[in-house]
Amino acid sequence: MSVGKVKMENPVNTTLEIQNRQIAHGYKVKMGLLFVKILNAPKFAVLVGTLFVATVAVPVLNRQLVLHAAPTPVGKAEAGKAFWQAQMCQYCHGVQAEGAWGPDLASRGLSEAQIKHALRQPYGLMPAYVETQVSEQTIADLQAFFSTLPKAEQFGPWRWQSPPAGAPEGQRLQSAFGCGQCHEPELAIPRRWLGGVGKDADFAYFSKQIYRHTEKYPQGKMGNFSEDRLPTMVLRVIYQFMLDAGFRAPIAASLKVGAREDPNTTYTLTLFNDGVAQRGLDAEDVTIFLKIPSGAKFVSETGAGFKGVLPLAQLGIAPSIANTPGRFDPSPTPKLPERPKPDFSGEVAVWKVPRIAAAETQTYTLTLLGPTAEIYRIPGPGPTGQVFKGFEGSTVYWAKPGVRMGPPQLVYRDLRLPDKGDQVAVTAAPQN
Ligand code: HEC
Ligand code: HEC
């Protein structure tokens, strides 16, 4: 049952609001009411009394009944583990909750109440998580799960180290406030989100995504940052860094295998610009190349702008890197990660198109002679995509909008991104 929102106009024209969502939050209503009483003292006691009966007393009573009827949730460690593995808490707290950017949580004897407090009203820099993200039941599950984990002897490394001195101020600040543990050193993923909104991605829009994140993503994996802990002043510098580095076109590229017509297999490539129509950024001057697995032979293709099959080394564009290079160097004198040498071997089928507009979908097919390639998950740390064997390095590259801030300014980098232009790896779509 929901109580909703009560608005009271009092004779001195002050609007008082009591906001309440659920019976389980009944105590909030009581506190709200107390506040009203103190403010309005005897004068409006009658008004308040009436409202109390009409809107609050019944739910509060109900809540007590509910509390008696429903015992506190019993935590299930298995469910807690599943949640932990699916969420990004571990990006800050370590895979085994051994501590990293955030403190260790494993076998520290944290109570449900302590975990709940840390999530709803974080003590420090951690973003706050709401009920729709981490429920009471999940808190109980996490409590049970944490107690099954080995107590940490020592902290694990940060997922991503701090940018070195000399890095842009906004980049250092995003790391200091924890964004980079999830979003990596260049904030490449959120820059892609902002590019999707394009013309509407001003600071007001951006700051809303940070401070009131769960309005748009009630089930999202990122929590709400507090303006007290992450002041607007700081957030502006982070925003400026994202602008300077450049918003990105949100292109997604996935490959699917169609029906096999022996001895040929046709693969369908779908390109999608995830941006808002007319608002988001278009990718311009686009080159698409699919690697031809060794042992397979080109038969035919469909789609606009086909340029033929040629050795990748002749194309002059580096193939995408499948896995995230870099992260943390735990040595006492950490070195910056280096980009792995690109693999220019093999031949590629190439298409060139002027643009992929925001919200546009384009389709290409490639028919090859040879066995159907198998899908596998790219090995490596963290969440990685899946690809067709032999197609690794297949890429969609666009010259504009490209990165606006390259080396030497940007010393600490997302090494999957090119120094000029921008690109995305072609992944295997889940087959149905
Ligand atoms: C951006 C990094 C970050 C993320 C993501 C994060 N935390 Fe935290 N967490 C912290 C930091 C830092 C602290 C220390 C207190 C603070 O800053 O609020 C903390 C504190 C805690 C505490 C209290 C520990 C204590 O000693 O009392 C708990 C419990 C906790 N986090 C659980 C979680 C859970 C569950 C999630 C995922 C839903 C999560 N955290 C996501 C950084 C993070
Ligand atoms: C726990 C990992 C995590 C942390 C920490 C984090 N984010 Fe996010 N962020 C996400 C995820 C995941 C999304 C996608 C929506 C969702 O699931 O919440 C997202 C979405 C965004 C978006 C896009 C929202 C939109 O719709 O336009 C922006 C911008 C963003 N984050 C910026 C930041 C900044 C800046 C910080 C640091 C102040 C930060 N994030 C911290 C995980 C994180």
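**Helix 3 meets helix 6 through residues from both helices.** Helix 3 brings Ala 77, Ala 79, Gly 80, Lys 81, Phe 83 and Trp 84, while helix 6 brings Thr 138, Asp 141, Leu 142, Ala 144 and Phe 145; residues are in contact if their C-beta atoms, placed from the backbone, lie within 7 Å. The helices and strands named here are DSSP runs numbered from the N terminus, with H or I over at least four residues for helices and E over at least two for strands. Please keep in mind that this is a predicted model: local features need pLDDT of at least 70 and side-chain atom pairs count only at pLDDT 80 or more, while totals for chains, interfaces and linings use all residues. Residues are numbered from 1 along each chain as its sequence is written, and chains are lettered from A and ligands numbered from 1 in the order in which they are written. The two helices pack at an angle of about 100 degrees, and their axes lie 7 Å apart; axes are lines fitted to C-alpha atoms, for helices over the stretch in contact, and angles run from 0 to 180 degrees between N-to-C directions. That makes helix 3 roughly perpendicular to helix 6 (under 35 degrees is roughly parallel, over 145 roughly antiparallel, 65 to 115 roughly perpendicular, the rest oblique). By class, this contact has seven nonpolar, two polar and two charged residues; Ala, Val, Leu, Ile, Met, Phe, Trp, Tyr, Cys and Pro count as nonpolar, Asp, Glu, Lys and Arg as charged, and the others, Gly among them, as polar.

**Helix 6 is mostly covered.** Eight of the eleven residues in helix 6 (136–146) are buried, where buried means 20 or more other C-beta atoms within 10 Å of a residue's own, exposed means 12 or fewer, and partly exposed lies in between, with C-beta atoms placed from the backbone. Those buried residues are Thr 138, Ile 139, Ala 140, Asp 141, Leu 142, Gln 143, Phe 145 and Phe 146. They pack against helix 3 (77–86) and helix 5.

**The shell around ligand 1 has no charged residues.** Of its 25 residues, Cys 89, Cys 92, Gly 102, Gly 124 and Gly 178 come nearest; a residue is near a molecule or strand if its C-beta atom, placed from the backbone, lies within 6 Å of it. Helix 4 (89–93) and helix 5 (112–120) are the elements that give two or more residues to the shell. You will find 18 nonpolar and seven polar residues here.

**Three helices each supply at least two residues to the shell around ligand 2.** These are helix 8 (179–183), helix 9 (188–197) and helix 10 (203–211). Cys 179, Cys 182, Trp 193, Gly 220 and Met 222 come nearest among the 24 residues around the ligand. The shell counts 16 nonpolar, six polar and two charged residues.

**Strand 4 runs antiparallel to strand 3 and to strand 9.** Nine bridges join strand 3 (251–261) to strand 4, and nine join strand 4 to strand 9 (361–369); two strands pair if DSSP finds at least two bridges between them. Glu 261 has Asn 264 as its bridge partner, while Thr 265 is bridged to Leu 368 in strand 9. Strand 4 (264–273) has a covered face, Thr 265, Tyr 267, Leu 269, Leu 271 and Asn 273. Its uncovered face holds Asn 264, Thr 266, Thr 268, Thr 270 and Phe 272. The hairpin from strand 3 to strand 4 passes through two residues, and the loop between these strands contains Pro 263. A cis peptide bond joins Asp 262 and Pro 263, with omega about 0 degrees.

**Five strands make an open sheet with antiparallel pairing.** Their order is 7-8-5-12-13. Strand 7 (306–311) and strand 13 (422–425) are the edges, each pairing on one side only. Neighbouring strands are turned by 20 degrees against each other on average, direction ignored. Strand 7 is joined to strand 8 (347–356) by five bridges, and Phe 306 stands opposite Trp 351.

**Asp 285 in strand 5 has a positive phi.** Most residues other than glycine have a negative phi, and most peptide bonds are trans. Phi is about 60 degrees at Asp 285 and about 75 degrees at Ala 359, which sits in the loop between strand 8 and strand 9. Asp 285 counts as partly exposed because it has 14 C-beta neighbours inside 10 Å. Ala 359 is also partly exposed, with 16 other C-beta atoms within 10 Å. Finally, Pro 407 and Pro 408 are joined by a cis peptide bond with omega about 5 degrees, and Pro 408 lies in the loop between strand 12 (395–400) and strand 13.

How values were computed
Two residues are in contact if their C-beta atoms, placed from the backbone, lie within 7 Å.
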